[in-house]
Amino acid sequence: MTAGRAVRAIGCMTGTSLDGVDVAGLDTDGERIFGFGPSSYRGFSDNETAVLRAALGRWPGDPGVAEAAQVIEVAHLDLLRDMGGDLIGFHGQTLAHDPGARGTHQTGNGARLARELGLPVAWDFRSADVAAGGQGAPLAPVFHFALAQWIGAQAPVVFLNLGGVGNITWVDPQAEAPFAPGAMLAFDTGPANAPINDLMRARRGVGQDAGGALAAQGRPDPQVLADFRAHPYFRKPPPKSLDRDDFAGLAEAVAGLDDADAVATLTEAAALAVARALEAVPRPPTRILVCGGGRNNATLLARLRHHLPCDTVPAEDAGLDGDMIEAQAFAYLAVRCARGLPISGPDTTGAPAPMSGGQVSWPVAAQA
Ligand SMILES: Nc1ncnc2c1ncn2[C@@H]1O[C@H](COP(=O)(O)OP(=O)(O)OP(=O)(O)O)[C@@H](O)[C@H]1O
Ligand SMILES: CC(=O)N[C@H]1[C@@H]2OC[C@@H](O2)[C@@H](O)[C@@H]1O[C@H](C)C(=O)O
């Protein structure tokens, strides 16, 4: 793979929402975007979700992890057999993330995918960064930088991803290169959909608050929100990242509220966390492009618009596919990994210097 020559990479993401696998094609040399390929999605069955949930917080070798890996590998093989492409970028399922102590754990074996698909697979994107002292997340920012150029942004823009956890990337599109000092600032904002999904599942037996309809009927609890805002995470300067369940106390704090007030409180908390994050960016952005499933939650989007200092619009307003940006990011990262280009640095994960990451498994080597 060389500069200026596009390959068709297929990126795969299974995020912290535990809803399913996104895969998306991208034509890129790992620097420029040349175009977007087809995308696809496969939801997890109830059984698969139960296996993954049971393995959350677990580390390699723990009970339940081999079963979770099997679910992830099979779900990816189902989707990837029909996607073609030259190279796969496989994120795997994050089961646990504790960069300051135990490390980060994405389950699923890229070497098995390479063997069964007959294609090179880039994977294990986060461990080298963590080993070097970085947070190991977020990794999509370098792709956000490329996207800012693709959409022709002239002034700073923010990408806000609302998955299970929220994260932002502030990008200065005039910067010479993504890892030039001051080109980006990225970090996790706080809980987003994960607590809402967990509450809806526990109380209503459904996976999400569709459209934010239930939150719209409730009243956020001021005391719970005051305690939430006092969480030490918000005082920590970036770089910083979160595990899915780092804000478990929030779920406990809404336990005594009725369903609508509880979900309204969690929705407001997600919006407040993003508003707080925007206070840390170097210069105000011209607009905030929202991607990830949370942009379909009308109540959450309305609360964001109430709190945020500039235009807050779905990524579609810039001609992007807001459901697939993370999967596309791992396609882009796969090519950067194969070329040994940096994927993280001081302003994204807090790695001491821009550094490459991930490993590539080749079908032949995988058979040996
Ligand atoms: N119509 C909708 N109404 C409300 N919420 C929605 C809707 N569609 C999606 N969501 C929320 O978005 C979630 C899926 O988002 P997404 O696929 O971006 O998350 P992810 O990839 O798992 O997360 P992460 O960014 O943490 O890796 C769903 O689980 C749900 O909470
Ligand atoms: C450890 C881990 O899997 N983190 C995810 C998670 O989901 C959202 C947020 O927390 C972000 O930090 C990251 O994913 C995106 C794709 C990233 O690395 O940019």
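**View 1. Surroundings of Ser-344 in the predicted model.** Ser-344 has a relative accessibility of 1% and therefore counts as buried, the cut-off for this class being under 20% relative accessible area. The structure shown here and in the views that follow is a predicted model. Ser-344 belongs to the loop that runs between H12 and strand E12 (359–361). Its side chain forms a polar contact of 2.7 Å with the side chain of Asp-129. When neighbours within four places in sequence are left aside, the residues in contact with Ser-344 are Asp-129, Leu-139, Phe-179, Thr-349, Ala-351, Ala-353, Pro-354 and Met-355.

**View 2. Residues around ligand 2.** Ligand 2 is surrounded by 16 residues, of which Thr-94, Arg-126, Leu-139, Ala-140 and Asp-188 are the closest. Oxygen atoms of this ligand take part in the following pairs. For Arg-126, a polar side-chain atom is found 2.9 Å from an oxygen atom of ligand 2. For Leu-139, a backbone N or O atom is placed 2.8 Å from an oxygen atom of the ligand. For Ala-140, a polar backbone atom is 2.8 Å from an oxygen atom of ligand 2. Leu-139 also appears in View 1, as one of the residues in contact with Ser-344.

**View 3. Residues around ligand 1.** There are 22 residues around ligand 1, and those that come nearest are Thr-16, Asn-161, Asn-197, Gly-211 and Gly-293. A backbone N or O atom of Gly-164 is 3.0 Å from an oxygen atom of the ligand. Glu-326 places a polar side-chain atom 3.0 Å from an oxygen atom of ligand 1. In the case of Asn-296, a polar side-chain atom is 3.4 Å from a nitrogen atom of ligand 1. Thr-16 is also among the residues covered by the "binding site" annotation of the unreviewed UniProt entry.

**View 4. The annotated segment and the loop between E1 and E2.** The unreviewed UniProt entry carries a "binding site" annotation for Gly-15, Thr-16, Ser-17, Leu-18, Asp-19, Gly-20, Val-21 and Asp-22. Leu-18 is located in the loop between E1 and E2, and Asp-19 is likewise placed in the loop between E1 and E2. Leu-18 counts as buried because its relative accessibility is 3%. Asp-19, with a relative accessible area of 43%, is partly exposed. Apart from neighbours within four places in sequence, Leu-18 is in contact with Phe-44, Thr-49, Leu-52, Arg-53, Leu-56, Gln-93 and Arg-244. Under the same exclusion, the contacts of Asp-19 are Tyr-41, Gly-43 and Phe-44.

**View 5. Tyr-41 beside the annotated segment.** Tyr-41 is part of strand E3 (residues 33–43). Its relative accessibility is 42%, so Tyr-41 counts as partly exposed. Although Tyr-41 and Asp-19 are 22 residues apart in sequence, their C-alpha atoms are 10.0 Å apart in space. The side chain of Tyr-41 reaches the backbone oxygen of Asp-19 at 3.1 Å. Excluding neighbours within four places in sequence, Tyr-41 is in contact with Asp-19, Gly-20, Val-21, Asp-22 and Leu-79.

**View 6. The largest nonpolar core.** This core contains 43 residues, and Phe-125, Phe-143 and Phe-159 touch the most other members. Two or more residues are given to the core by each of strand E1 (7–14), strand E2 (20–28), helix H5 (141–150), strand E7 (157–162), strand E10 (287–291) and helix H12 (325–339). The most is given by H12, with 10 residues. Because domain 1 (7–138 + 324–367) and domain 2 (153–318) both give residues to this core, the core lies between them. Outside its neighbours within four places in sequence, Phe-143 is in contact with Leu-26, Ile-33, Phe-36, Ile-325, Gln-328, Ala-329 and Tyr-332. A second, separate core has 28 residues, including Ala-68, Ala-75, Leu-80 and Leu-95.

**View 7. Leu-304 in helix H11.** Leu-304 is located in helix H11 (residues 298–307). With a relative accessibility of 0%, Leu-304 counts as buried. Not counting residues up to four places away in sequence, Leu-304 touches Leu-160, Leu-162, Ala-271, Val-274 and Thr-312. Between Leu-304 and Val-335, the separation is 31 residues in sequence and 34 Å in space, taken from C-alpha to C-alpha.

Conventions. Residues numbered from 1 in each chain as written. Chains lettered and ligands numbered in written order. Predicted model: local features only at pLDDT ≥ 70, side-chain atom pairs only at ≥ 80, totals over all residues. Heavy atoms only, no water. Core = buried A, V, L, I, M, F, W, Y, C linked by side-chain atoms within 4.5 Å. Buried < 20%, exposed > 50% of the residue type's maximum accessible area, 1.4 Å probe, protein only. Helix = DSSP H or I, 4+ residues; strand = E, 2+ residues; numbered from the N terminus. Domains from an automatic or database assignment. Contact = heavy atoms within 4.5 Å. UniProt positions renumbered as here; feature names shortened; annotations may be inferred. Near = heavy atom within 4 Å. Polar contact = N/O pair within 3.5 Å; in protein donor to acceptor, adjacent residues only side chain to side chain.
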